[in-house]
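The following exercises ask you to read contacts, burial and pocket linings from atomic coordinates. Work through each task before turning to its solution.

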Amino acid sequence: MPMAQVGDVRIAYDTFGDPSAPAVLLIMGLGSQMLAWRGGFCREIARQGFFVIRYDNRDIGLSSRVTHRPAQTVATLARRRLGQRVDPPYKLRDMADDAVGLLDELGVARAHLVGASMGGMIAQLCAIHHPHRVLSLTSMMSTTGDPDLPKPDWRVRYSLLRSMPAVPETQIERLVSIRRLVGSKHFFYEDDIRAYFARVVARSADRTGVPRQALAVLCAGSRRRALSQLRVPTLVLHGTDDILLPPAHGVRTANTVPGAKLQLIPKLGHDLPRPMWGDLASRIVDHVGA
């Protein structure tokens, strides 16, 4: 697996297609390895004339762990509710700088950014702070971070905040149960999903960085004012069945970024199910190709 040194962080990455073609950087969400951008999905975009890059965010997969700053998510949430200052181990802005640093290491001057969930937040911050590096932005199942937007219901919050078991078989079961809860109900094919999570856990079962990623999200605040000043061609994709970040989050994002296009996708939850790969890839290619 190729590795790139970005500051103090080593980033694991993978590529598809011709390096001389326009680059599409895929940025994944909270606690998800780059494998969540499934190979068939990546190849479909590359096949249409793009150089596709996927990578593990810091603190997940094969990338570096930020072990010097442990995180206690529940305790930190309680302090925030009491109005106390919270200093996360790192910020989403740092993760956005990781993405740009990876482009530097690969010699890519500008790229189309596609971010899912937390990855969408990171992609937004890349566009805000590094607009000269961004050809276009696709924000998928993501949010502006406004505090007045609908929250996930208690089942989702409880499921995501529970500590993850260390035993691989039990970890696979937990990940499948989370996908069953937040994913697309119409496209829940358990055998495929279980096999996918078995690959994920075999590649890396270390999820100690997930609470740190979660704190980066929880402490990020609203990006609405900065997004309202973007001048980057933007596509917002959001599933109508998303219960983790309900569709209002995507609608707010599209209404905030000048000229953004909103596409609400029926039956799609908070995932990238195999039957939707072709449709989602086509929407992205139509946007970046324009």
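**Exercise 1.** Determine which residues line the second largest pocket of this predicted model, and how the lining divides by residue character.

*Solution.* Begin with the lining itself, which consists of Val86, Pro88, Lys91, Leu92, Arg93, Leu125, Ala216, Cys219, Ala220, Ser222 and Arg223. Sorting these residues by character gives seven nonpolar, one polar and three charged. The volume of the second largest pocket then comes to about 160 Å³.

**Exercise 2.** Establish whether Asp56 is buried or exposed, and identify what its side chain is joined to by a polar contact.

*Solution.* First locate Asp56, which belongs to the loop between strand E4 (51-55) and helix H2 (73-81). Next take its relative accessible area, which is 0%; because buried means under 20%, Asp56 is buried. Then list its contacts, leaving aside neighbours within four places in sequence: these are Ile11, Ala12, Gln33, Met34, Gly61, Leu62, Ser63 and Arg203. Finally, examine the side chains, where a polar contact of 2.8 Å joins Asp56 and Arg203.

**Exercise 3.** Find which members of the largest nonpolar core touch the most other members, and which helix supplies the largest share of that core.

*Solution.* The core holds 48 residues, and those touching the most other members are Leu25, Ile53, Tyr55, Leu92, Leu102, Ile122 and Leu230. Helix H4 (residues 118-129) contributes the largest share, eight residues. Apart from this core lies another, of 38 residues, including Met28, Val114, Val201 and Leu235. As for Ile53, the residues it touches beyond four places in sequence include Ala23, Leu25, Leu102 and Val108.

Technical notes:
Residues are numbered from 1 along each chain as its sequence is written. This is a predicted model: local features need pLDDT of at least 70, side-chain atom pairs count only at pLDDT 80 or more; totals for chains, interfaces and linings use all residues. Side-chain values use heavy atoms; hydrogens and water are left out. A nonpolar core is a set of buried Ala, Val, Leu, Ile, Met, Phe, Trp, Tyr and Cys residues joined through side-chain atoms within 4.5 Å. Buried means under 20% relative accessible area, exposed over 50%, partly exposed in between (1.4 Å probe, protein chains only). Helices (H or I, at least four residues) and strands (E, at least two) are DSSP runs, numbered from the N terminus. Contact means heavy atoms within 4.5 Å. On a 1 Å grid over the protein atoms alone, a cavity is a set of points where a 1.4 Å probe fits but cannot get out, and a pocket is an open set with protein on both sides within 12 Å along at least five of seven lines; lining residues have an atom within 4 Å of a point. Grid points are joined across faces, edges and corners, and a volume is the space filled by probe spheres set on the points. Ala, Val, Leu, Ile, Met, Phe, Trp, Tyr, Cys and Pro count as nonpolar, Asp, Glu, Lys and Arg as charged, and the others, Gly among them, as polar. A polar contact is a pair of N or O atoms within 3.5 Å; within protein, one must be able to donate a hydrogen and the other to accept it, and residues adjacent in sequence count only if both atoms are side-chain atoms.
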